[in-house]
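Biologist: Please take me through the sheets of this model and say what each term rests on.

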Number of protein chains: 2
Amino acid sequence: MALADARIGHLARLARWRDILIPADVTRCATIAAADCNLARELMLDPTTNSLCDTFMARALALSLQNVRSGRGGPFAAVIVKGSEIIAEGMNCVTATNDPTAHAEMVAIREACRKLQSFELVECEIYTSCEPCPMCMGAIYWARPARVYFANSAADAARAGFDDAFIYRELSAPHAERKIPMIQLRHDEAPAAFRAWREKSDKIRY
Amino acid sequence: MALADARIGHLARLARWRDILIPADVTRCATIAAADCNLARELMLDPTTNSLCDTFMARALALSLQNVRSGRGGPFAAVIVKGSEIIAEGMNCVTATNDPTAHAEMVAIREACRKLQSFELVECEIYTSCEPCPMCMGAIYWARPARVYFANSAADAARAGFDDAFIYRELSAPHAERKIPMIQLRHDEAPAAFRAWREKSDKIRY
């Protein structure tokens, strides 16, 4: 509990945690901090000597470990920060929800956008436990946050048995050489919707 | 209505539509067919002379045009087929739902997986009105369908003002040269979750 208290003090100093992050919920703050500190010890992190960036990344790393232990999904987690506030957290839940798109970053991006009521993450930062796969990188470019912090690399994920590096290679291969065949049909008739889009005067661009 | 009837007959021959696709709902079938035929006329498609693949792609193209006209989102739609049955349809609804991940393919993949109660699309085909962006291609590789049919190319999408080609270029650029900065933190402490994953005997791989 001493460590948890130290961490609350540390976070409060760094991020004005009590005022901004979890305004009236010191109990929850203490619980999160205590859980983080326990995990931090296992992760060999020193929760009292890190910068604000490191604190947010420590949270993502702690959640990624927690996600494996709970059996909910793969070893990945992400948090999204605006200003000094965590506005969304996500953990991989592909197998628990039968949703192949439910990677940590995707879950966090969707939740952050829901909270902000916006399809863009203006002035937000993403802290993710692992370099995003092409799906998540694509989502990040569509959501347009200010920057992305990551810990493990795509190569680390590949060594742990995940397809990230393979998918990166596939996306830069010609269609004909890809493992999932890509076949073009009806190209001549296809532009009608794009034409309608260009002509639509009240469209919302994204 | 003559065209709609002709199309129902055509689809019934090709895909045993009445038996497989919409077993007891001829009314809905007629409505869909009539709507498709109206759109097909505008798209200059001949609904009575196409193969089964073309029929599914025509449906995706019709939905993509419908999505622009309804104002719900961008000019993109996708259908997912298993056997001769459409099991899911998706239209872009990024702006309508404030969800940057709600591309047509993503919506369709999530819906198909929900219906199949699986995080993989075994023996499924995706028909999409446009070559998928990196996010959607990533999702496709995670979902592992048998093949992908597309109509417009990524270059067509870029000409219509969408970021697909830009994102493809970014993903093959070194981290330091990307428009959204990618910064690695705490790499030394990061492997704990991967280690726990490797050691977990009851994990579900995906």
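What follows is a short exchange about strands, pairing and helix packing.

Modeller: This is a predicted model, in which local features need pLDDT of at least 70, side-chain atom pairs count only at pLDDT 80 or more, and totals for chains, interfaces and linings use all residues. Residues are numbered from 1 along each chain as its sequence is written, chains are lettered from A and ligands numbered from 1 in the order in which they are written, and side-chain values use heavy atoms, with hydrogens and water left out.

Biologist: Why are β1 and β3 of chain B called paired?

Modeller: Two strands pair if DSSP finds at least two bridges between them. Five bridges join β1 (residues 77–82) to β3 (residues 124–130) in chain B, so the pair qualifies; the two run antiparallel. B:Val81 has B:Glu125 in β3(B) as its bridge partner.

Biologist: What makes β5 of chain A and β2 of chain B edge strands?

Modeller: Each of them pairs on one side only. The order in this open sheet is β5(A)-β4(B)-β3(B)-β1(B)-β2(B), with mixed pairing. Strands are DSSP runs of E, at least two residues, and helices are runs of H or I, at least four, numbered from the N terminus.

Biologist: How do you know that helix α4 of chain B packs on the sheet?

Modeller: Contact means heavy atoms within 4.5 Å, and α4 (residues 52–70) touches β1, β2, β3 and β4 of chain B. Its direction makes about 150° with that of β1(B); axes are lines fitted to C-alpha atoms, for helices over the stretch in contact, and angles run from 0 to 180 degrees between N-to-C directions.
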